[in-house]
Amino acid sequence: MDPTPIRHEWKSRAEPGGLHLFDRVTGLNVLLDEIRVAPQHWSTAPRQVSVALTNACDLSCSFCFAPKRRAELPFETLIQWLVELDEDGCLGVGFGGGEPTKYPRFVDLCRLTARRTQLAVTFTTHGHSFDRSLAAKLKGSVHFIRVSMDGVGTTYEALRGRPFSEFLVRLDVIKSVAPFGINFLVNAQTIPCLDTAARIAGDFGAAEFLLLPEREAGSARSGDTATALQLRSWVERYRGSVPLSVSETDSDGLPTCSPFRPDDDRLGAYAHVDAQGVLKPTSFDEKGIAIGEGGIRRALRVLRDNERQGPT
Ligand code: SF4
């Protein structure tokens, strides 16, 4: 019998480095760097946009940097912003929070985004809201799930305040929805757990193990130097089955490779919308542009102009 053919959903995006093709079903990226695109034709939306849907969360992790004031994005307005981003060449949206599954119309949002746009739909979750019912509703409307697992066993329980055994049951449900990755917060407390965490990620079939060196709340500064050196040495020794990754802003001192040219401006790669509807270069920036009635296209233009002018 023939294997089931893979249904590709390719989207193209013009960038300084060439023509970027992305398939949201398989997550495959192809950069055709022999195709030169004139700057006036470069896609104006960032490659990826993260959106904090709500500041609400039912956990209270000590290292949490999500704002504590109540805020939630309006559903219809958000859909309109996502349509604009899709039209302007964005490839994927990552919903976060707070805890995105606490957003009142979370399932509708994922379904509508997957249907109305060509964006890859991803989200980051603590995982504890997942049961078979939520999994069934999301299946087919989500392309990748990022699950936070900071440490294992009692370390996880001390940080998250939930039983680790319960987390593993939830992870088993999550893996039935879509490909998933583990987000691992690295600090002095969690770093001894790296080997076990990476092994568990492999056992559950994770597609990625994302290292997130801890930052000080509200700042771009990472944690202590000893932990950073230990992490570097762990990465160099790592031979596990799950591919490692690290965000661009956390990659200092780690052996990484990136296909993208450094002349991509910061907003070409990524932008963040907070739960109050403010567009920022990253979630760690305090200031940004309130998106408002003019939509996210206008807000991006203003933010880009501000970035070019530099601090005043
Ligand atoms: S699960 Fe995430 S949003 Fe919730 S308290 Fe912990 S770090 Fe903050």
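These legends accompany a set of close-up views of a predicted model.

**View 1. The whole chain, before we zoom in.**
Let's begin with the overall picture. The chain's secondary structure comes to nine helices and 13 strands. Of its 312 residues, buried ones make up 50%. Many contacts bridge long stretches of sequence: among those between residues at least 6 apart, 67% join residues at least 24 apart.

**View 2. The largest nonpolar core and its neighbour.**
Which residues touch the most other members of the largest nonpolar core? They are Phe95, Leu138 and Phe209, in a core of 72 residues. Helix α1 gives this core its largest share, seven residues. Another core, of five residues, lies apart from it, and includes Leu59, Cys61, Phe63 and Leu159. As background, nonpolar side chains in soluble globular proteins tend to be buried together.

**View 3. Leu138 and its contacts.**
Here we stay with one of the core residues from the previous view. Setting aside neighbours within four places in sequence, Leu138 is in contact with Phe106, Val107, Cys110, Phe123, Phe130 and Val177. Phe106, Val107 and Cys110 also appear among the buried residues of helix α2, the subject of the next view.

**View 4. The buried residues of helix α2.**
Helix α2 covers residues 106–116, and its buried residues are Phe106, Val107, Leu109, Cys110, Leu112, Thr113 and Ala114. What do these buried residues pack against? Their partners are helix α1, strand β5 (92–96), strand β6 (120–125) and helix α3 (132–138).

**View 5. Helix α1 against helix α9.**
Helix α1 (residues 75–87) packs with helix α9 (residues 295–309) at an angle of about 60°, and their axes are 7 Å apart. The two helices are therefore oblique to each other. On the α1 side, Trp81, Glu84, Leu85 and Glu87 take part, and they meet Gly295, Ile296, Arg297 and Leu300 in α9. The residues of this contact divide into four nonpolar, one polar and three charged.

**View 6. Glu87 in helix α1.**
Is Glu87 buried or exposed? With a relative accessibility of 57%, Glu87 counts as exposed, because the cut-off for that label is over 50%. Glu87 lies in helix α1, and it is one of the residues that α1 brings to its contact with α9. Along the chain, Glu87 and Ala45 are 42 residues apart, while their C-alpha atoms are separated by 8.5 Å.

**View 7. Helix α4 against helix α5.**
This is a second pair of helices to explore. Helix α4 (residues 153–160) and helix α5 (residues 164–174) pack at an angle of about 90°, with 9 Å between their axes. That makes α4 and α5 roughly perpendicular to each other. Gly153, Tyr156 and Glu157 of α4 make the contact with Phe164, Ser165 and Phe167 of α5. By type, the contact residues divide into three nonpolar, two polar and one charged.

**View 8. Val147 in strand β7.**
Val147 is found in strand β7, which spans residues 144–148. Its relative accessibility is 0%, so Val147 counts as buried. Which residues does Val147 contact, leaving aside neighbours within four places in sequence? The answer is Thr125, Phe167, Leu171, Ile174, Phe180, Gly181, Ile182 and Asn183. One of these, Ile174, is 27 residues away along the chain, and its C-alpha atom is separated from that of Val147 by 8.7 Å.

**View 9. Trp10 in strand β1.**
Trp10 has its place in strand β1 (residues 10–15). At 38% relative accessibility, Trp10 counts as partly exposed. Not counting residues up to four places away in sequence, Trp10 touches Leu21, Phe22, Asp23, Leu28, Val30 and Gln118. The C-alpha atoms of Trp10 and Asp23 are separated by 4.4 Å, although these residues are 13 apart along the chain.

**View 10. The shell around the ligand.**
Which residues are around the ligand? They are Cys57, Leu59, Ser60, Cys61, Phe63, Cys64, Gly98, His126 and Arg160. This shell divides into five nonpolar residues, three polar and one charged. Leu59, Cys61 and Phe63 are also among the members of the five-residue core from View 2.

**View 11. A cis peptide bond at Gly98.**
Our last stop is one of the residues around the ligand, Gly98. Gly98 lies in the loop between β5 and α2. A cis peptide bond joins Gly97 and Gly98, with omega at about 20°. For comparison, most peptide bonds are trans.

Notes:
Residues numbered from 1 in each chain as written. Predicted model: local features only at pLDDT ≥ 70, side-chain atom pairs only at ≥ 80, totals over all residues. Heavy atoms only, no water. Axes fitted to C-alpha atoms, helices over the stretch in contact; angles between N-to-C directions. Helix = DSSP H or I, 4+ residues; strand = E, 2+ residues; numbered from the N terminus. Parallel < 35°, antiparallel > 145°, perpendicular 65-115°, else oblique. Contact = heavy atoms within 4.5 Å. Nonpolar A, V, L, I, M, F, W, Y, C, P; charged D, E, K, R; others polar. Near = heavy atom within 4 Å. Core = buried A, V, L, I, M, F, W, Y, C linked by side-chain atoms within 4.5 Å. Buried < 20%, exposed > 50% of the residue type's maximum accessible area, 1.4 Å probe, protein only.
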